[in-house]
Amino acid sequence: MNMNVTIRHAVAADAAAIKRVHIKTYRLSYKGFLPDNVLDALVMDRDVIERTRRYLEKTECFVALYQKRVVAYAYLVYPKPDCFEINALYVEPTFQRQGIGSFMLQTIFQEKKDLGFKKGLAWTWRDGPAVPFYQKTGFLNVFGVQKIGEFQMPIVLFEKQTG
């Protein structure tokens with residue numbers, strides 16, 4: 001990575017920036033996977049920002065900052081005591097393929113390893129743009145395919161040991 005990026009835990013004041021990254025990334029990354037009307041319906045208003053702020057109060061989130069601007073985020077959940085799951089990891093389109101997502105994962109994995117976690121999980125769409133990213137960063141596919149949501153998109157589970 002050739003830029004000065006810092007990773008920290010998100011705070012409530014990051015809600016609007018997180019949502020901005022989410023919408024920009026979703027619209028680009030999932031074009032062709034989700035109907036255009038679904039992507040076009042993603043909006044940024046007070047209600048959406050407030051829901052994101054409330055979500056941050058109960059869910060761990062990391063953000064990547066470049067020049068004090070949030071350019072990526074990752075939500076984590078805990079399905080088992082020794083395991084964490086990356087519920088979402090998005091890097092703003094203009095900052096993708098510069099090592100920020102990989103740097104976020106390294107930072108998260110190091111923190112979780114230091115806290116005694118044994119592995120991290122990530123679910124993603126089977127044919128989606130995140131599959132090569134997770135493979136490149138050392139995740140292994142460990143589960144078959146499931147159907148989720150209204151669009152019946154097949155998803156796969158990736159796993160990586162912290163050690």
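In this predicted model, F158 is buried, its relative accessible area being 2%. This phenylalanine belongs to strand β8 and is paired with Y134 of helix α5 (residues 130-136), bringing together parts of the chain that are 24 residues apart. The two rings are stacked, with 6.1 Å from centre to centre and 25 degrees between their planes. Y134 is buried as well, at a relative accessible area of 5%.

The strand that carries F158 is itself mostly covered. Of the nine residues in β8 (residues 153-161), seven are buried. Strand β5 (residues 119-125) runs antiparallel to β8 and is joined to it by seven bridges; within this pairing, T124 faces V156 of β8. A further antiparallel neighbour of β8 is strand β6 (residues 140-141), which is connected through two bridges. Here L140 has E159 of β8 as its bridge partner. As a general point, side chains in a regular strand alternate between the two faces of the sheet. Also worth a look is K160, which lies over the face of F109 at 5.0 Å from the ring centre.

Turning to the aromatic residues more broadly, the structure contains 17 aromatic pairs. One of them is formed by F33 and W125, whose ring centres are 6.1 Å apart; the planes meet at 40 degrees, so this pair counts as tilted. It too spans distant parts of the chain, since F33 sits in the loop between α1 (15-29) and α2 (36-40) while W125 sits in strand β5, 92 residues apart. The two partners fall into separate classes of exposure: F33 is partly exposed, with a relative accessible area of 28%, whereas W125 is buried, with a value of 12%. Both residues are members of one aromatic cluster, which is made up of Y26, Y30, F33, Y55, Y73, Y75, Y90 and W125.

Strand β2 offers another well-covered element. Six of the seven residues of β2 (residues 60-66) are buried, so the strand is largely enclosed by the rest of the structure. Strand β1 (residues 5-9) pairs with β2 in the antiparallel sense over five bridges, and in this pairing T6 is found opposite L65. Strand β3 (residues 69-80) is likewise antiparallel to β2, with seven bridges between them; F62 is placed opposite A74 of β3. The connection between β2 and β3 is a hairpin with two residues in between, and Q67 in the turn has a positive phi of about 50 degrees.

Finally, the cysteines deserve a short comment. A search of the whole structure returns zero disulfides. For C61, the closest cysteine sulfur is that of C83, and the 18 Å separating the two sulfurs is too far for a bond. C83 accordingly takes part in no disulfide, its nearest cysteine sulfur being that of C61 at 18 Å. Both side chains are nonetheless shielded from solvent by the burial criterion, under 20% relative accessible area: C61 is buried at 3%, and C83 is buried at 0%.

Technical notes: Residues numbered from 1 in each chain as written. Predicted model: local features only at pLDDT ≥ 70, side-chain atom pairs only at ≥ 80, totals over all residues. Heavy atoms only, no water. Disulfide = S-S within 2.5 Å. Buried < 20%, exposed > 50% of the residue type's maximum accessible area, 1.4 Å probe, protein only. Helix = DSSP H or I, 4+ residues; strand = E, 2+ residues; numbered from the N terminus. Pairing = 2+ DSSP bridges. Phe/Tyr/Trp six-rings, centres within 6.5 Å; stacked < 30°, edge-to-face > 60°. Lys NZ or Arg CZ within 6 Å of the ring centre and 35° of its normal.
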